[in-house]
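Here is a short note to help you find your way around this structure. Have the view open as you read, and take the points in order.

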Amino acid sequence: MTHWPPQSSFATGFAGKCPRCGKGELFRAFLTVRDSCAVCGLDLRGHDAGDGPAVFVILGLGALIMPLVLWLEFSYQPPMWLHAVIWLPVILVATLIPLRLIKGVLVAQQYKHRSTTGDGEPT
Ligand SMILES: [Zn+2]
């Protein structure tokens, strides 16, 4: 049985790497977790972050963006199309990037704390 040194959940999650070996890719698409690690063979099917990343992004982004939107509206009263031009790209970028990062960290935390039923154990 191969010994895998502990990996930082934040380092592997932010890098999108396997939580066990820290070398294999965690995602096979932008937000889709691979079935298994190509390097160490860790079964990743049992690791599901669910709605966790979306909750963190919604709460965090809402707290950051809404005061800016309200400030812009009450300070300059721009037309609605200008709000759309400004905030849609900002919100898209500000949600998609953290979603992937947070999902990687949550999957790594699940592996670290063994929240699966054994599917993620070494083969
Ligand atoms: Zn691996």
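1. Start at the zinc ion: in this predicted model, the ion is coordinated by the SG atoms of C18, C21, C37 and C40, at 2.3 Å. Along the chain, these donors follow the spacing C-x2-C-x15-C-x2-C. C18 and C40 both lie in the loop between α1 (9-15) and α2 (52-76), so this pair ties together parts that are 22 residues apart in sequence.

2. Next, look at the geometry. The site of the zinc ion is tetrahedral, with angles of 107 to 116 degrees among its 4 donor atoms. For comparison, the ideal angle for four tetrahedral donors is 109.5 degrees.

3. Are these cysteines buried or exposed, taking C18 as an example? C18 counts as buried because its relative accessibility is 0%. C40 is buried too, with a relative accessible area of 13%, since the cut-off is under 20%.

4. Now move to helix α3, which covers residues 80-112 and has 33 residues. From its first C-alpha to its last, α3 reaches 46 Å, close to the 48 Å expected at 1.5 Å a residue. Do look for the kink of about 25 degrees at W87, which lies shortly before the proline P89.

5. W87 is also one of the buried residues of α3, which include H83, T95, L99 and Y111. Which helices help cover the buried residues of α3? Among what covers them are α1 and α2.

6. Finally, check what follows α3: this is R114, whose phi is positive, near 55 degrees.

Notes:
Residues numbered from 1 in each chain as written. Predicted model: local features only at pLDDT ≥ 70, side-chain atom pairs only at ≥ 80, totals over all residues. Heavy atoms only, no water. Donors = N, O, S within 2.8 Å, 3.2 Å for Na, K, Ca; no water. Tetrahedral: all angles 85-135°; square planar, octahedral: opposite > 155°, others 65-115°. Helix = DSSP H or I, 4+ residues; strand = E, 2+ residues; numbered from the N terminus. Buried < 20%, exposed > 50% of the residue type's maximum accessible area, 1.4 Å probe, protein only. Expected span 1.5 Å × (residues − 1). Bend = angle between axes of the 7 residues up to and from the residue. Contact = heavy atoms within 4.5 Å.
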